[in-house]
Amino acid sequence: MGRRARGRRLQQQQQQRPTRAENGAEGGGKRQEAGWEGGYPEIVKENKLFEHYYQELKIVPEGEWDLFMEALREPLPATLRITGYKSHAKEILHCLKNKYFKELEDLEVDGQKVEVPQPLSWYPEELAWHTNLSRKILRKSPQLEKFHQFLVSETESGNISRQEAVSMIPPLLLNAHPHHKILDMCAAPGSKTTQLIEMLHADMNVPFPEGFVIANDVDNKRCYLLVHQAKRLSSPCIMVVNHDASSIPRLKIDVNGRKEILFYDRILCDVPCSGDGTMRKNIDVWKKWTTLNSLQLHGLQLRIATRGAEQLVEGGRMVYSTCSLNPIEDEAVIASLLEKSEGALELADVSSELPGLKWMPGITHWKVMTKDGQWFTEWEDVPHSRHTQIRPTMFPPKDPEKLQAMHLERCLRILPHHQNTGGFFVAVLVKKSSMPWNKRPPKGEPVEPREPVRSSPAYPTEGAAADPAELESKPIISGMDDTDIMERPENVENSGSKKDGVCGPPPSKKMKLFGFKEDPFVFIPEDDPLFPPIQKFYALDPSFPKMNLLTRTTEGKKRQLYMVSKELRNVLVNNSERMKVINTGIKVWCRNNSGEEFDCAFRLAQEGIYTLYPFINSRIITVSIEDVKILLTQENPFFRKLSSETYSQAKDLAKGSIVLKYEPDPTKPDTLQCPIVLCGWRGKASIRTFVPKNERLHYLRMMGLEVLAEKKKEGTVLAQEDAGSSGPPEDEVSAQHRAEPDASADASADASTHAASGPSDPAPAEAILPR
């Protein structure tokens with residue numbers, strides 16, 4: 001640009017400035033009137049196309065439309081769930097009802113009366129509650145500070161889960177038991193997965209249930225969020241994997257020396273959806289909603305559901321769910337799946353399984369609408385130009401007898417205005433026989449080709465082939481079909497990646513690796529010299545399953561030891577080439593940097609102590625409730641501060657890691673009535689606990705002590721668990737050590753990748769107040 005041109009532009013800008021300033025002031029006024037807050041316009045909760053669509057489909061009972069729309073425009077109430085598998089769930093419930101909820105009575109915040117939380121009528125044992133308190137009010141109100149701190153702390157320690165009410169329904173209807181093999185196909189962020197883990201651990205006296213949960217998600221980053229959620233529950237029976245659910249590989253396990261396909265007893269299929277049932281919390285849906293989302297997702301949802309049905313054992317149960325109200329994503333998927341199953345699947349009647357839950361039966365007739373409002377009632381009416389967008393599987397079956405036999409009315413649709421929840425859809429399927437394309441004829445009989453049921457060329461069903469025979473012989477994984485899996489185990493035994501119990505990442509030729517590169521899972525060999533000193537030091541029971549111990553490194557010193565159940569070990573060892581494992585196992589031992597000074601180089605980790613404790617026969621100190629309070633509120637209390645009973649047990653023990661066990665006294669019902677197991681360290685003249693901050697706060701609350709973050713007060717520092725503790729804990733902790741980050745509370749990739757809930761960040765000094 002020349003000098004003259006620049007001059008002319010500058011002159012024009014100066015002339016225009018007053019006009020712009022006036023317009024800006026006027027515009028600013030308009031923006032304020034329009035409800036701009038913090039620079040963002042308020043989203044108008046209106047969508048005419050949405051209303052027109054659902055009024056036409058008649059999913060809402062007559063006369064209830066206004067109530068339905070009114071509920072959708074209201075914010076969603078906060079809900080929380082007390083984890084049911086930990087032995088102190090009842091103690092948390094008692095604490096909530098008799099302390100925190102009582103403090104909310106007659107409380108007003110910003111002129112609004114706080115509604116005391118109420119239990120969800122349909123959730124068992126009063127373990128789920130809802131309140132009209134929004135997250136914003138909880139965070140900002142000084143009157144609710146203690147209650148908010150309680151929720152945050154208990155959530156971090158895995159004792160409370162803040163979860164939407166309708167999201168709790170699918171795991172309940174799955175009806176899982178401790179011996180069940182469970183697959184969660186689209187698991188992130190993990191709230192439903194944690195429910196399933198709780199069901200596995202219904203009996204806390206059994207450290208290793210026979211069943212397990214394999215939690216899968218296609219998004220690598222969301223897998224780490226899933227790991228963080230699952231790690232809070234410290235279970236050796238959970239594995240997180242990273243696959244596309246519509247083509248999740250078939251796994252195999254060793255059964256009495258024979259390789260067999262792994263079929264799951266329970267499958268949770270909570271598929272990706274358009275999410276129009278979440279309008280109350282995701283208000284963006286109001287302006288973005290269109291039928292195109294449902295049309296685009298239908299094919300993927302059907303493929304995922306089909307893949308799930310293929311991997312379900314005969315007699316097993318699969319729950320299909322969405323947070324959408326749209327029949328294209330709901331009944332259409334179920335109807336298509338039932339039709340192609342040819343009787344192998346049927347809808348279960350679960351109407352009596354959750355008494356107190358209000359729901360609408362599934363519909364049997366619906367139409368398909370394009371994004372521009374054009375309706376179609378039959379596939380034949382769809383012009384050829386629309387065939388890539390609308391598929392035949394989106395329409396209800398034509399044959400009235402076939403439609404009636406499907407019993408689509410057994411599906412459950414939850415409407416927001418019935419019980420002040422989000423919108424949701426659930427269907428429970430039971431498998432009666434193998435899927436038709438997986439059935440094998442008796443040996444010697446020729447296979448008669450027949451046309452398989454296909455959704456469409458654009459949305460082929462998972463693994464669809466030209467005919468059943470072709471499908472039968474189609475390689476499932478890396479050139480290995482079902483026959484190979486069942487009848488040629490020696491090929492697997494000779495696989496190089498299985499040497500020395502190393503279950504490494506799959507070779508890149510076998511599977512593309514996305515996201516973070518995972519460290520291998522290395523099982524400790526039986527003759528590893530690392531184990532005998534540990535076994536001797538803790539007097540481990542002969543029944544201890546040492547074959548289930550693993551590390552995440554093939555070279556150098558093993559810093560952490562993890563543990564899985566024998567069933568998950570079976571899955572890991574036999575499937576490392578076909579499965580991308582993100583995380584599994586709980587940490588049971590950590591190496592001390594100067595461990596050679598002691599009889600055992602490894603100290604116990606709090607994360608896995610409840611699993612490990614039943615096998616430990618030495619270095620256990622039984623403590624009183626007063627001892628527990630002292631140990632959790634003081635960093636290194638000297639022996640003289642503890643009871644004489646505790647001192648007499650500790651004085652003859654060598655320095656090193658110990659177990660501190662509290663047993664409740666049934667004759668004193670006012671005291672804590674659940675057992676507590678803590679990891680500690682016996683020093684020269686003191687004892688220190690290695691317990692993460694939030695777990696400490698939890699135990700203190702259960703004992704009637706309230707903990708408020710204040711400035712440092714002498715003698716009330718809450719010490720943190722430190723994965724890399726070096727030397728006797730009575731030594732002063734260095735500033736460097738105190739500043740280490742909290743890996744356990746971090747859902748970032750690196751923290752979760754190595755399954756190590758590392759050292760917690762330094763606690764602010766806490767003031768311990770009597771209740």
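In this predicted model, the buried residues of helix α2 are Phe50, Glu51, Tyr53, Tyr54 and Leu57. These residues lie on the same side of α2, because they cover an arc of only 165° around the helix axis. Their packing partners are α3, α11, β16 (368-369) and β17 (375-376). It helps to picture α2 with one side turned towards these partners.

Both ends of α2 have a feature worth finding in the structure. At the N-terminal end, asparagine 47 acts as a cap, with a side-chain oxygen 3.2 Å from the backbone nitrogen of leucine 49. Just after the helix comes lysine 58, and this residue takes a positive phi of about 55°.

One of the packing partners of α2 is α11, a helix that spans residues 291-310 and includes leucine 295. Is leucine 295 buried or exposed? Leucine 295 is buried, since its relative accessible area is 2% and the cut-off for a buried residue is under 20%. The C-alpha atom of leucine 295 lies 8.4 Å from that of arginine 391, although the two residues are 96 places apart along the chain.

Charged side chains offer another way to read the fold. Altogether, 27 salt bridges are counted in the model. One of them joins glutamate 46 to arginine 73, and the closest N and O atoms of this pair are 3.3 Å apart. Glutamate 46 sits in the loop between α1 (3-33) and α2 (48-57), while arginine 73 belongs to helix α3 (residues 65-73), so this salt bridge ties together parts that are 27 residues apart in sequence. Glutamate 46 is partly exposed, with a relative accessible area of 37%, and arginine 73 is also partly exposed, at 28%. The pair does not stand alone: Glu46, Glu51 and Arg73 are linked in a network of salt bridges. Glu51 has already appeared above as one of the buried residues of α2.

A second salt bridge to look for is the one between lysine 97 and glutamate 126, with an N to O distance of 2.8 Å. Which parts of the chain does this pair tie together? Lysine 97 lies in helix α4 (residues 89-103) and glutamate 126 in the loop between β4 (118-119) and β5 (128-131), so the connected parts are 29 residues apart in sequence. Lysine 97 has a relative accessible area of 35% and is partly exposed; glutamate 126, at 31%, is partly exposed as well.

Further along the chain, lysine 651 forms a salt bridge with aspartate 652, and here the closest N and O atoms are 3.8 Å apart. Lysine 651 is partly exposed, with a relative accessible area of 40%. Aspartate 652, by contrast, reaches 63% and is exposed.

The nonpolar residues complete the picture. The largest nonpolar core contains 167 residues, and those with the most contacts inside it are Leu96, Ile214 and Ile334. Which residues does isoleucine 214 touch, leaving aside those up to four places away in sequence? Isoleucine 214 touches Ile182, Leu183, Asp184, Met239, Val241, Leu251, Leu262, Tyr264 and Val571. Apart from the largest core lies another, made up of 25 residues, including Ile524, Phe544, Val588 and Ala601.

Key: Residues numbered from 1 in each chain as written. Predicted model: local features only at pLDDT ≥ 70, side-chain atom pairs only at ≥ 80, totals over all residues. Heavy atoms only, no water. Salt bridge = Lys/Arg side-chain N within 4 Å of Asp/Glu carboxyl O. Helix = DSSP H or I, 4+ residues; strand = E, 2+ residues; numbered from the N terminus. Buried < 20%, exposed > 50% of the residue type's maximum accessible area, 1.4 Å probe, protein only. Core = buried A, V, L, I, M, F, W, Y, C linked by side-chain atoms within 4.5 Å. Contact = heavy atoms within 4.5 Å. Arc of directions from axis to C-beta. Polar contact = N/O pair within 3.5 Å; in protein donor to acceptor, adjacent residues only side chain to side chain.
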